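Good morning, colleagues. I would ask you to look at the model on the screen while I go through several of its elements in turn.

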Amino acid sequence: MEAAAVAAAPVRLWVKTEPFLVGVLPVPPPTRLGPHYLRKMAAYARARAAEGCFPRLSWPRWRHIACGKLQLGRGLAWLYFELFHSLLRRDPPRRLEWAEAEAACADADELERERSKLSVDTLQFLLFLYVQQVNKVSLRRSLIGEEWPSPRTKSPSLTGKSASENKNWNDQDHRAFVQSHLSDMLELLLEPEQLTASSHSTHSSLVSYEAVCALSFLIEGTVNKSRTVRPLHELALWQPCHGQNGYSKVSRAFSFPKLESWLRFCLTTNPFGMTACLKSGKKLAWAQQVEGTTRKAKIACNTHVVPEVFPMVIMSQVYKQTLAKSSDTLVGAHVRIHRCNESFIYLLSPLRSVTIEKCRNSTFVLGPVQVSVHVHSCDNVKVIVVCHRLSLSSTAGCTFYILTPTQPLVLSGNQAVSFAPFHTHYPMLEDHMAQVGLATLPNYWDSPMLVCKESGDTSVFHLLPPSDFYTFVIPFEMEGDTTETPGGLPHTYQKALSQREQKVQIWQKTVKEAGLTKDQRKQFQILVENKFYEWLVQTGNRQQLDSLVPPAVGSKQAAG
């Protein structure tokens, strides 16, 4: 049925991945961000167009609405505003300019003045707030057992067959959400005179061209048999579609019922989403199959990549090995790492976003991430990354070595989380940071934000003591100019390293001045090497060193 409908339609439309994947916080939204309150906000903003509320909403006006009308905390108000603003600000030089301006602020008042210069498209921002509902917990579904807000909710399997999916990644959920709430979202965009007293549409309501432009935040598509991806508003103005979507050149507007019907008719599966990637994507032979295990490592990426859409790479069940890549396949990609255990994974390319789920006893060293890193349901993992935003939920015993211009978001269900300063480098790191618009300042690695009420206990996280801090060496040779950790280390951590280095020098001097004979030196060397080997085995570092040995010919990791 769907295939026939799509064939008959002059255009194909689909729900964009980005607004849901990196635009929706992976947490149930506050009650006051529900549809009822957003309709009130839409009316309020339009009525105060002259005060900086419409067609663009300034930060001071949103702060007033969020804190005064919607009863959100100031930190949460800024989180939503900045999240939306950064989602659309893709130009790296402008991102770096903003980072420089923010880092130059001497105090909170100056920072607030700088933020007051920012504004967002009001209608698009309303839609952005509306789609936060995709992670809303349904009480009815909870009671019948399909859904429950437990710390360890099920995440999607790589086969896509899990009954309870990660909705930020699942494009089927995105489409179902838009189909279910399309009428509500269109009404949110209507001008006041097109609404009834109860803020609903009528059969004669008209949807403005500006409203359809705003809906392009969520929907894009293509003319059938074309590979050029276009925003919704361009396709809606295409002459062959006017009969179906009710566009009038006289009023420069669309008939509400016709537009809604046309959108429903043309909406299909996202050809660049997770479903398509898993079903028909290119399989990458980046990981080895470990002997004696039934787990099969799976890594896939989009086959049909177009300039308008960020690529996608999904990896699952990498087990007991080191996987290291710096590849064009990864540049600007949304990466999902799922069920990887006892492994060391290095993805040394500039990335768009990274999600790490259900991983255990592993270390992840990532290239700079332009938008967000989300870690969910992981135990005893280390994540080393420069990223715009980090969020974590349902983690236990994890350590994050980070450089980030936003506060790390501690969501629900976390235990024994450690934060530490970013402590490594590789030759192309600063070039990659520039490509995604990330600077060394400001750096909020040590200022986590507790987002959920149930995560309000600050004892769930701590800053790594300097005595437990060691730098990390990336053991690969690459071309590039970066020779040290960007931005350096905080004084207390640098001091701890220097003191440890002094102890090593004193020890070396003591050994040198001990006057050992040749046989004694040899015996002493064997003793030290044996102790070092014991330490390697006890700490698990032996496995990491062994996995760095290049695989034999025939089992070599493939390029790509």
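I begin with a helix pair: Gln179, Leu182, Ser183, Leu186 and Glu187 of helix H10 meet Phe256, Leu259, Glu260, Leu263 and Arg264 of helix H14. Sorted by class, this contact between H10 and H14 holds 5 nonpolar, 2 polar and 3 charged residues. Please bear in mind throughout that the model is a predicted one.

How are the two helices arranged? H10 covers residues 171-188 and H14 covers residues 256-266; their axes lie 11 Å apart and make an angle of about 150°. Angles over 145 degrees count as roughly antiparallel, and H10 and H14 are therefore roughly antiparallel to each other. Their crossing is right-handed.

I turn next to a sheet. Three strands form an open sheet in the order S1-S5-S6, and the pairing is antiparallel. Strands S1 (11-15) and S6 (230-231) are the edge strands; each has a single partner strand, so one side of each has no neighbour in the sheet. Between S5, residues 219-223, and S6 there are 2 bridges, and these strands run antiparallel. Within this pairing, Gly221 stands opposite Arg230 of S6. Helix H14 comes back here, since H14 packs on the sheet and touches S1 and S5. The direction of H14 makes about 85° with that of S1.

A second set of strands centres on S14 in this account. Which strands pair with S14 in the parallel sense? Strand S12, residues 322-325, is joined to S14 by 4 bridges, and the two run parallel. Strand S16, residues 363-366, likewise pairs with S14 in the parallel sense, over 4 bridges. On the S12 side, Lys325 stands opposite Leu347 of S14; in S16, Thr363 is the bridge partner of Phe344. As a general point, strands of a sheet pair through backbone hydrogen bonds, either parallel or antiparallel.

Are the faces of S14 covered or open? Both are covered: Phe344 and Tyr346 on one side, and Ile345 and Leu347 on the other, are all buried.

I close with one residue, His242, which is found in helix H13, residues 242-245. Is His242 buried or exposed? Buried means under 20% relative accessible area; His242 has 11%, and is therefore buried. Leaving aside neighbours within four places in sequence, His242 is in contact with Ala236, Leu237, Tyr247 and Lys249. His242 and Trp262 are 20 residues apart in sequence, and their C-alpha atoms are 9.7 Å apart in space.

How values were computed
Residues numbered from 1 in each chain as written. Predicted model: local features only at pLDDT ≥ 70, side-chain atom pairs only at ≥ 80, totals over all residues. Heavy atoms only, no water. Buried < 20%, exposed > 50% of the residue type's maximum accessible area, 1.4 Å probe, protein only. Pairing = 2+ DSSP bridges. Axes fitted to C-alpha atoms, helices over the stretch in contact; angles between N-to-C directions. Parallel < 35°, antiparallel > 145°, perpendicular 65-115°, else oblique. Left-handed = near helix turned anticlockwise from the far one by under 90°. Contact = heavy atoms within 4.5 Å. Nonpolar A, V, L, I, M, F, W, Y, C, P; charged D, E, K, R; others polar.
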